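This report goes through one structure, element by element. The sequence and coordinates come first.

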Amino acid sequence: MRDDNCIFCKIANGEIPTMSLYEDDQFNVIFDAGPATSGHALILPKDHYKNICEIDDEVLGNAYKLAKKMTPVLMDVFEADGLNVLQNNNEAAGQTVFHFHIHLIPRKAGDKAMVAWVPGEQDKEKLEKALEEIRKRMA
Ligand code: AMP
Ligand code: ZN
């Protein structure tokens with residue numbers, strides 16, 4: 001379940017030494033090397049999964065439970081007013097390391113650390129068609 005060419009596999013499993021905020025049998029939590037804000041951390045599963053489509057359900061559930069547990073701790077320690085929990089899937093969505101990970105990004109009021117999107121408009125007809133397909137596939 002490890003990929004020899006994956007840097008996050010190596011970091012999560014201690015082959016590349018790094019500052020670890022938390023470790024258990026499934027995860028290692030590290031600081032991001034190119035942080036959006038002070039305290040920006042990454043939850044890394046020790047096993048290799050490319051993205052949310054490929055990750056084991058139990059590991060995914062535990063990853064988000066860990067995100068919940070770490071959020072108030074990071075907010076307190078980094079004196080943050082908020083925290084973004086986010087996760088990118090595939091290059092088009094901004095994923096640059098193809099080993100599933102969750103970003104924990106402490107935020108201060110007004111920090112402008114992340115670019116907000118300009119709200120657009122939905123195509124109602126397209127959504128109605130999509131709804132039908134989505135409900136069928138989710139049933
Ligand atoms: P993503 O764009 O969602 O794939 O996020 C990858 C993140 O990993 C980026 O925020 C990088 O700054 C971070 N990163 C890349 N290499 C390392 C590394 N060796 N140690 C810590 N963080 C890293
Ligand atoms: Zn990996």
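## Strand β5

In this predicted model, the side chains of β5 alternate: Ile102, Leu104 and Pro106 point one way, while His103, Ile105 and Arg107 point the other way. Both sets are buried. Because 6 of the 6 residues of β5 are buried, the strand is largely enclosed by the rest of the structure.

β5 runs antiparallel to β3, with 3 bridges between them, and Ala41 stands opposite Leu104. β5 is also antiparallel to β4, to which 5 bridges join it. In that pairing, Leu86 stands opposite His103.

## His103

His103 lies in strand β5. Its relative accessible area is 11%, and a residue under 20% counts as buried, so His103 falls in that class. The side chain of His103 makes a polar contact of 2.8 Å with the side chain of His40.

Setting aside residues up to four places away in sequence, His103 touches Asp32, His40, Ala41, Leu42, Asn84, Val85, Leu86 and Asn88. Among these, Leu86 is the residue that stands opposite His103 in the β4 pairing.

## Nonpolar cores

In soluble globular proteins, nonpolar side chains tend to be buried together. Here the largest nonpolar core has 17 residues, and Ile43, Phe100 and Leu104 touch the most other members. Two or more residues come from each of β2 (27-31), β3 (41-45), α2 (57-77) and β5 (102-107). The largest share, 7 residues, is that of α2. A second, separate core has 8 residues, including Cys6, Phe8, Cys9 and Ala12.

Which residues is Phe100 in contact with, leaving aside its neighbours within four places in sequence? They are Ile43, Pro45, Tyr49, Lys50, Asn51, Ile52, Ile55, Leu60, Ala63, Tyr64 and Gln87. Ile43, one of these contacts, is itself among the three residues that touch the most other members of the largest core.

## Zinc site

The zinc ion (ligand 2) has as protein donors Cys6 (SG), Cys9 (SG), His48 (ND1) and His99 (ND1), at 2.0 to 2.3 Å. The 4 donor atoms subtend angles of 105 to 117 degrees around the zinc ion (ligand 2), so the arrangement is tetrahedral. For that class, all angles must lie between 85 and 135 degrees. The spacing of the donor residues in sequence is C-x2-C-x38-H-x50-H.

His48 lies in the loop between β3 and α2, and His99 in the loop between β4 (82-86) and β5; the pair therefore ties together parts that are 51 residues apart in sequence. His99 counts as buried because its relative accessibility is 0%. Cys6 and Cys9, the two cysteine donors, are also members of the second core.

## Positive phi residues

Most residues other than glycine have a negative phi. Glu79 is not a glycine, yet has a positive phi of about 50 degrees. Glu79 is found in the loop between α2 and β4. With a relative accessible area of 60%, Glu79 is exposed.

Lys112 is another non-glycine residue with a positive phi, of about 55 degrees. Lys112 sits in the loop between β5 and α3 (124-138). The relative accessible area of Lys112 is 74%, so Lys112 counts as exposed.

Conventions:
Residues numbered from 1 in each chain as written. Chains lettered and ligands numbered in written order. Predicted model: local features only at pLDDT ≥ 70, side-chain atom pairs only at ≥ 80, totals over all residues. Heavy atoms only, no water. Core = buried A, V, L, I, M, F, W, Y, C linked by side-chain atoms within 4.5 Å. Buried < 20%, exposed > 50% of the residue type's maximum accessible area, 1.4 Å probe, protein only. Helix = DSSP H or I, 4+ residues; strand = E, 2+ residues; numbered from the N terminus. Contact = heavy atoms within 4.5 Å. Polar contact = N/O pair within 3.5 Å; in protein donor to acceptor, adjacent residues only side chain to side chain. Donors = N, O, S within 2.8 Å, 3.2 Å for Na, K, Ca; no water. Tetrahedral: all angles 85-135°; square planar, octahedral: opposite > 155°, others 65-115°. Pairing = 2+ DSSP bridges.
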